[in-house]
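Here are a few notes to read alongside the structure as you get to know it. Take them one at a time, and keep the 3D view open as you go.

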Amino acid sequence: MAAAQGHFSDHSDGMRGTGDTADSTAGTPVPPAFRRAVDALRTARLRSEMEVEPTRPPQRLAPYAYAVEAAVVDDGEDLADGRLVLLHDPAGHEAWKGTFRLVTLVRAELEPEMAADPLLPEVCWSWLTGALEARGLAYGEASGTVTMAGSHYFGGLAERRPATQIEIRASWTPREGLGGVPDTAAHLAAWSDLLCQIAGLPPVPADPPGPTGATGTGAGVVSLPQRRGPQGA
């Protein structure tokens, strides 16, 4: 696949609230379950092609939120990018059927022959569910959209070849484990598998689950890297 065009422009850090210790509206301490879920995201281990950093989370979807953005970079070329948001409502949410929710946007530019496949939207959705299932992750209430958008260039841009971008917007409820905390590190790893797949990279074997179901630290993973610097909006 060719490089995805554009990047998310907000590169701020932190979970929602005043610093990392309080809710921005009530001044109450961050729930321990949410803090543990965020800590797991921060210490996850991913493929070397993944460049990840925190970004400002949405402010009105849940009382607590944390977000990361990522790009798949191979030989200096950006192949796909996306954002993953962790939401938490300690009181529970009827639509989620749980207290945590993961929300994502993933996008990449397609080669023309792939863009012509009429089954591509169904295939892309199966990549998301398959990435979760390949790591043995239990989840529920999955929903989302797969959108294809084409661009044709004229005038001073006429030399550019037509381009088609695929975009996956999805959300799901991760099953909560000990202490009411989902295995967010493993969900982040599965999400990175999706990004790498939509970028056209060959798969690497997933590590076997650890004692608590978390992703292991064997071959094919490295310490969580940071983006090399601010990207254009």
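**Notes for a first look**

1. Let's begin with the aromatic rings: the count comes to one aromatic pair. Its members are Phe34 and Tyr64, whose ring centres lie 5.7 Å apart with 40 degrees between the planes, a tilted arrangement. Please bear in mind throughout that this is a predicted model.

2. Where in the chain do Phe34 and Tyr64 sit? Phe34 belongs to helix α1 (residues 32–42) and Tyr64 to strand β3 (residues 64–74), so the pair links distant parts of the chain, 30 residues apart. Is Phe34 buried or exposed? Phe34 counts as buried because its relative accessibility is 0%. Tyr64 is buried too, with a relative accessible area of 6%, which is under the 20% cut-off.

3. Strand β3 deserves a closer look. Of its 11 residues, 10 are buried, so β3 is largely enclosed by the rest of the structure. On one side of the pairing list is strand β2 (residues 50–55), which runs antiparallel to β3 and is joined to it by six bridges. If you would like a place to start tracing, Glu51 has Ala71 in β3 as its bridge partner.

4. Strand β3 also pairs with strand β4 (residues 77–93), again in the antiparallel sense, over 11 bridges. Here Tyr64 turns up once more: its bridge partner in β4 is His88. The hairpin of β3 and β4 has two residues between the strands, and Asp75 in this hairpin takes a positive phi near 55 degrees.

5. Next, another ring to find in the viewer. Which residue has its charged end over the ring of Tyr153? That residue is Arg160, with its charged end 5.4 Å from the ring centre.

6. Now for helix α4 (residues 184–198). This helix has 15 residues and reaches 21 Å from its first C-alpha to its last, close to the 21 Å expected at 1.5 Å a residue. Since 13 of the 15 residues are buried, α4 is largely enclosed by the rest of the structure. After α4 comes Gly200, with a positive phi near 90 degrees.

7. Finally, the cysteines. How many disulfides does the count give? The count comes to zero. Two cysteines you may like to find are Cys124, which counts as buried at 1% relative accessibility, and Cys196, which counts as buried at 1% as well.

How values were computed. Residues are numbered from 1 along each chain as its sequence is written. This is a predicted model: local features need pLDDT of at least 70, side-chain atom pairs count only at pLDDT 80 or more; totals for chains, interfaces and linings use all residues. Side-chain values use heavy atoms; hydrogens and water are left out. Helices (H or I, at least four residues) and strands (E, at least two) are DSSP runs, numbered from the N terminus. The expected span of a helix is 1.5 Å times one less than its number of residues. Buried means under 20% relative accessible area, exposed over 50%, partly exposed in between (1.4 Å probe, protein chains only). Rings of Phe, Tyr and Trp (its six-membered ring) pair if their centres lie within 6.5 Å; planes under 30 degrees apart count as stacked, over 60 as edge-to-face and the rest as tilted. A charge sits over a ring if NZ of Lys or CZ of Arg is within 6 Å of the ring centre and within 35 degrees of the ring normal. Two strands pair if DSSP finds at least two bridges between them. A disulfide is a pair of cysteine sulfur atoms within 2.5 Å.
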